[in-house]
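Reader: Hi! I am in my first year and still learning to read protein models. Could you take me slowly through a single part of this one?

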Amino acid sequence: MIDDFDIFEDIKSFEASPYLLILNRDYDQFHDVALTRDFQLLDAYDVLPIETNQEFTEFVYIPFLNQAILNNEIIENGIFLDYPGKYRLQYRGFTYDFSINPLITGVEDNTIYTHSVSPVISAGNVFLNNDLFISGTTLSDPGNYLLRIDGYNRYEKAIEFTITSNVSGIIHNQTYQDVVEITFTGNGYLNNNYVTSPYIVSEPGEYIFTIQGENNYTETYYFTIVEPVQTHTFVDFIQQYD
């Protein structure tokens with residue numbers, strides 16, 4: 001036996017739902033009390049265990065007995081919701097407004113990443129930069145990204161983040177006397193010519209290296225390569241004189 005619960009009153013009938021064992025004291029359509037999965041007694045006159053304008057993540061179960069109205073639709077004996085949206089529940093003369101947010105993992109709002117990311121969204125219609133997005137897809141291209149989740153009753157949640165090109169081998173406004181090797185991700189342009197990673201630059205000169213990414217994303221690096229400084233020793237002077 002897992003657990004037991006004693007009820008010291010006469011029960012005429014009962015019925016079961018996925019979340020409640022509903023008990024009736026009389027042979028009528030009004031449900032009097034119920035037993036929850038965790039063996040809590042629920043009365044038909046209990047106040048709902050939520051606050052108005054409350055936000056839930058991923059899902060919510062709201063227990064109650066008899067009828068309520070959820071977004072203008074009649075529901076009975078509790079409700080389980082797991083779809084993002086805005087909801088209004090009316091029960092026993094009280095109105096409860098609340099919302100359900102999707103569970104989002106893999107990215108955080110207003111964060112800059114130097115590596116690929118794989119956003120996972122629990123539910124909702126998901127768009128990335130206004131294109132449909134499949135949850136769990138890996139993103140590696142540099143760019144500015146807007147992840148938007150649309151839900152029920154004009155619900156909308158937005159997450160903004162950036163992926164950089166992770167450039168290495170050069171520093172902005174730096175001068176070099178040696179060959180440089182540039183590594184990066186994304187579309188690279190050296191003095192307006194398309195290049196791929198890794199790319200070696202050996203000729204002396206002034207260079208502009210640009211990365212172009214999603215949603216008007218740009219990185220720009222100015223650098224210069226100069227001829228190595230020639231140094232002469234006393235031995236070099238004697239050899240040249242001879």
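Author: Happily! Let us begin with a word we shall need: a contact means heavy atoms within 4.5 Å. With that in hand, look at leucine 70: leaving aside its neighbours within four places in sequence, leucine 70 is in contact with Ile75, Ile79, Leu81, Tyr87, Arg88, Leu89 and Phe98.

A word on the model itself. It is a predicted one, where local features need pLDDT of at least 70 and side-chain atom pairs count only at pLDDT 80 or more, while totals for chains, interfaces and linings use all residues. Residues are numbered from 1 along each chain as its sequence is written, and side-chain values use heavy atoms, with hydrogens and water left out.

Now to the surroundings of leucine 70. A nonpolar core is a set of buried Ala, Val, Leu, Ile, Met, Phe, Trp, Tyr and Cys residues joined through side-chain atoms within 4.5 Å. Buried here means under 20% relative accessible area, exposed means over 50%, and partly exposed lies in between (1.4 Å probe, protein chains only). The largest nonpolar core has 17 residues, and those touching the most other members are Leu48, Ile62, Phe64, Leu70, Leu81, Leu89 and Phe98. At least two residues of this core come from each of β6 (60-62), β7 (67-70), β9 (79-81), β10 (85-91) and β11 (94-101). A second, separate core has 16 residues, including Val167 and Phe184. In soluble globular proteins, nonpolar side chains tend to be buried together.

Those β labels deserve a note: helices (H or I, at least four residues) and strands (E, at least two) are DSSP runs, numbered from the N terminus. Two strands pair if DSSP finds at least two bridges between them. An open sheet of five strands has the order β5-β11-β10-β7-β8, with mixed pairing. Its edge strands, each pairing on one side only, are β5 (54-57) and β8 (73-76). On average, neighbouring strands of this sheet are turned by 35° against each other, direction ignored; the axes behind such angles are lines fitted to C-alpha atoms (for helices, over the stretch in contact), and angles run from 0 to 180 degrees between N-to-C directions. Within the sheet, β7 and β8 run antiparallel and are joined by four bridges. Alanine 68 has isoleucine 75 of β8 as its bridge partner.

For contrast, visit another stretch of the chain. Along strand β21 (residues 187-190) the side chains alternate: Gly188 and Leu190 point to one face and are buried, whereas Asn187 and Tyr189 point to the other and are not. Strand β24 (residues 205-213) pairs with β21 in the antiparallel sense over four bridges, with asparagine 187 opposite glutamine 212. Three bridges join β21 to strand β22 (residues 193-195), again antiparallel, and here glycine 188 stands opposite valine 195. The hairpin of β21 and β22 has two residues between the strands, and asparagine 191 in the turn has a positive phi of about 50°.

Finally, step back to the whole chain. It holds one helix and 25 strands. Of its 242 residues, 35% count as buried. Among contacts with a separation of 6 or more, 39% are between residues 24 or more positions apart.
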